[in-house]
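Trainee: Could you walk me through one part of this structure up close? I'd like to look at a helix, what it leans on, and the charged pairs in the model.

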Amino acid sequence: MLNGTPYYHGAIRKTIIAFGRLFSDIKIQREGTDGEIAQTIAVPVAYAPKEKWLVRVEQDPSLEKHTYITLPRMSFEITGMSYDQTRKTNRMSQITCYNNDVSPPVMKTQYSPVPYNIDISLYVLSKTQEDALQIVEQIFPYFSPEFTLVIKAIPNMSVDLNIPIILNSVD
């Protein structure tokens, strides 16, 4: 198809992984009856649709049956992708760089990337509202309303992309 040469740089995959890693160090603390910190819990995050959780909650509303789900937890999923015409550059623009790993250095070129927006939803599931509030209070301060990640989009060409993560809404 198109030019017949398959290629895959994994830029979308790297972006999704970077998004998930943003939330991988969130911890909550639970207090004991004496007001001291009794427990610190690392909140796991995984790529999974929220429908999976909803089925689990419908089957056991009290969440008392022995399962492998621990609460609190977070998950995220891709909910859409759309072309972003506002960031479009000339389609004939190229990125040029030198590969210094070989002697003499070789010049490599690649056409500019096509701008797409990836919609990702992050879900928080907790047994108590206090746990959920601790989680979201650790997320909100970083988004005003965006947080920028840098990913190595094409390592063999040393192409790094700045990816803005924009907090659009909270439900």
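Mentor: Let's start with a working rule: a salt bridge here is a side-chain nitrogen of Lys or Arg within 4 Å of a carboxyl oxygen of Asp or Glu. Keep in mind that this is a predicted model. By that rule there are two salt bridges. One joins Arg87 and Asp84, whose closest N and O atoms are 2.8 Å apart. Arg87 is partly exposed, at 42% relative accessible area, while Asp84 is buried, at 12%.

The other one takes us to our helix, H3. Here Arg30 and Asp131 meet through their side chains, 2.5 Å from N to O. Arg30 sits in strand S1 and Asp131 in helix H3 (residues 129-139), so this pair ties together parts that are 101 residues apart in sequence. Asp131 is buried, with just 3% relative accessible area, whereas Arg30 is partly exposed at 27%.

Now look at H3 itself. Its buried residues are Asp131, Gln134, Ile135 and Ile139. They span an arc of only 135° around the axis, which puts them on the same side of H3. That fits the usual geometry: an α-helix has 3.6 residues a turn, so residues three or four places apart point the same way. Turn to the face of H3 that looks away from the buried side, and you find the exposed residues Gln129, Glu130 and Glu137.

What does the buried side pack against? The buried residues of H3 pack against S1, strand S4 (73-83) and strand S7 (116-125). S1 (residues 27-31) is itself joined by five bridges to strand S2 (residues 37-42), and the two run antiparallel. In that pairing, Ile28 stands opposite Ile41 of S2. Five residues lie between the strands of this hairpin, and Gly35 takes a positive phi near 85° there.

Two of the buried H3 residues, Ile135 and Ile139, also turn up in the largest nonpolar core, which has 17 residues; they are listed among those with the most contacts inside it, along with Phe23, Ile26, Val43, Met74 and Ile165. H3 is one of the elements giving two or more residues to this core, the others being helix H1 (11-22), S4, strand S8 (146-154) and strand S9 (159-166). H1 gives the most, with three residues.

For a hands-on view of how H3 meets its surroundings, click on Ile26. Leaving out residues up to four places away in sequence, Ile26 touches Ile135, Gln138 and Ile139, and also Ile41, Ala42, Val43 and Met74.

Methods: Residues are numbered from 1 along each chain as its sequence is written. This is a predicted model: local features need pLDDT of at least 70, side-chain atom pairs count only at pLDDT 80 or more; totals for chains, interfaces and linings use all residues. Side-chain values use heavy atoms; hydrogens and water are left out. Two strands pair if DSSP finds at least two bridges between them. Helices (H or I, at least four residues) and strands (E, at least two) are DSSP runs, numbered from the N terminus. Buried means under 20% relative accessible area, exposed over 50%, partly exposed in between (1.4 Å probe, protein chains only). The arc is that of the directions from the helix axis to the C-beta atoms. Contact means heavy atoms within 4.5 Å. A nonpolar core is a set of buried Ala, Val, Leu, Ile, Met, Phe, Trp, Tyr and Cys residues joined through side-chain atoms within 4.5 Å.
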